[in-house]
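Colleague: Please take one part of this model, the site around the ligand, and go through it closely with me, together with the framework that carries it. I would also like to hear about any unusual backbone geometry before you begin on the site.

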Amino acid sequence: MRIDVLTIFPDYLAPLELSLVGKARESGLLDLRVHDLRDWTTDRHRTVDDTPFGGGAGMVMRPDVWGTALDEVLTPDAHLVLPTPSGALFTQRTAERLAPEEHLVLACGRYEGIDARVAEHYRARGVRVSELSLGDYVLNGGEVAALVVVEAVARLLPGVIGNPESLVEESHGAAGLLEYPVYTKPASWAGLDVPPVLLSGHHGQIARWRRDEALRRTATQRPDMVEALDPASLDSRDRAV
Ligand code: 6GU
């Protein structure tokens, strides 16, 4: 997969050289290119923003600068991602929808956002455009969202995660539940023992215990996810939550 990130703070994306994403880049599974939006400005001050029409606080990013940049970076099959607190919620389902794409272009806005005609223009030209939000809070720009989207998508690419089984049972997987609690050695620590069933070797009982704990956790932390469960996905022994 190719991913281009356009930002006025390319250094913000430096963590993408580390860990799994960094390795995916080195191995060629991920072709990630970070660009400085100001490289597409033409004035002496490298201006990317201006005051909002209609008045109000803050500055808006100019569509002409973004247009020049995106015309150069977008390929015919690219999917344009615009991180914005006004977007649709970015979830594991979104990551799964983006992971099979050939080419993502992430356009990071700052200030009060990017002139709305940018999304409109590329949609009108047949580009797929996704405006995505991380959640119900305000960040200073799209860069943190770009980090989130790249990491969530890259780990779904074949070959990026050594053991693809890790993708099966984790939180926000197909079961619609949070992950069960996990333990490792030592079996006793700070007066706390690992739940004995996990040391029992009874794989059926372990699976049952893990599902009960996943249900319990989900009910406590995320009642909204329990509401959204397909009743057909609950087996007859699932305890009432
Ligand atoms: Cl994608 N951008 C900004 N600026 N704030 C956010 C966000 C994105 N998602 C949640 N808050």
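**From the backbone exceptions to the ligand site**

Modeller: Ala 190 counts as exposed, because it has 5 C-beta neighbours inside 10 Å, where 12 or fewer is the limit for that class. This is a predicted model, and what follows should be read in that light. Ala 190 sits in the loop between strand 8 and strand 9 (192-193), and its phi is positive, at about 55°, although it is not a glycine. Most residues other than glycine have a negative phi, and most peptide bonds are trans. Arg 46 is another residue of this kind, with phi near 55°, and it belongs to the loop between strand 2 and strand 3 (49-50). Arg 46 has 14 C-beta neighbours inside 10 Å and therefore counts as partly exposed. A peptide bond also deserves mention here: the one from Lys 185 to Pro 186 is cis, with omega near 5°, and Pro 186 lies in the loop between helix 5 and strand 8 (188-189).

Turning to the site itself, the residues around the ligand are Pro 83, Thr 84 and Pro 85, then Ser 133, Leu 134, Gly 135, Tyr 137, Val 138 and Leu 139, and finally Gly 141, Gly 142 and Ala 145. Seven of the residues in this shell are nonpolar and five are polar, while none is charged. Strand 5 (residues 79-89) gives the most to the shell, with three residues.

The UniProt record, an unreviewed entry, places its "binding site" feature at Gly 109, Leu 134, Gly 135, Asp 136, Tyr 137, Val 138 and Leu 139. Leu 134, which is named in that record and is also part of the shell in the model, is found in the loop between strand 7 (128-133) and helix 5 (143-154). Leu 134 has 17 other C-beta atoms within 10 Å, so it is classed as partly exposed. Leaving aside residues up to four places away in sequence, Leu 134 touches Phe 90, Ala 145 and Val 148; of these, Ala 145 is itself one of the residues around the ligand. Asp 136, also listed in the record, has its place in the loop between strand 7 and helix 5 as well. With 7 C-beta neighbours inside 10 Å, Asp 136 counts as exposed.

The framework behind the site is an open sheet of five strands in the order 2-1-6-5-7, with parallel pairing. Strand 2 (31-36) and strand 7 stand at the edges of this sheet, and because each has a single partner strand, one side of each is left without a neighbour in the sheet. Neighbouring strands are turned against each other by 25° on average, direction ignored.

Strand 5 and strand 7 pair in the parallel sense over seven bridges, and within this pairing Pro 83, a residue of the ligand shell, stands opposite Leu 132 in strand 7. Helix 4 (residues 117-124) packs on the sheet here, touching strand 5 and strand 7, and its direction makes about 145° with that of strand 7.

On its other side, strand 5 runs parallel to strand 6, to which three bridges join it, with His 79 opposite Leu 104 in strand 6. Strand 6 is largely enclosed by the rest of the structure, because four of its five residues are buried. Strand 6 in turn pairs with strand 1 in the parallel sense over five bridges, and Leu 6 has Ala 107 of strand 6 as its bridge partner. Strand 1 is mostly covered too, with five of its six residues buried, and it pairs with strand 2 in the parallel sense over six bridges; in that pairing Ile 3 stands opposite Leu 32. Across strand 1 (2-7), strand 2 and strand 6 (103-107) lies helix 2 (residues 63-73), which runs at about 165° to strand 6.

For the reading of the site, then, two points can be held together: strand 5, which gives the most to the ligand shell, is joined by bridges both to strand 7 and to strand 6, while Leu 134 and Asp 136 lie in the loop between strand 7 and helix 5.

Methods:
Residues are numbered from 1 along each chain as its sequence is written. This is a predicted model: local features need pLDDT of at least 70, side-chain atom pairs count only at pLDDT 80 or more; totals for chains, interfaces and linings use all residues. A residue is near a molecule or strand if its C-beta atom, placed from the backbone, lies within 6 Å of it. Ala, Val, Leu, Ile, Met, Phe, Trp, Tyr, Cys and Pro count as nonpolar, Asp, Glu, Lys and Arg as charged, and the others, Gly among them, as polar. UniProt positions are given in the numbering used here, feature names are shortened, and annotations may be inferred rather than shown by experiment. A residue is buried if 20 or more other C-beta atoms lie within 10 Å of its own, exposed if 12 or fewer, and partly exposed in between; C-beta atoms are placed from the backbone. Two residues are in contact if their C-beta atoms, placed from the backbone, lie within 7 Å. Two strands pair if DSSP finds at least two bridges between them. Axes are lines fitted to C-alpha atoms, for helices over the stretch in contact, and angles run from 0 to 180 degrees between N-to-C directions.
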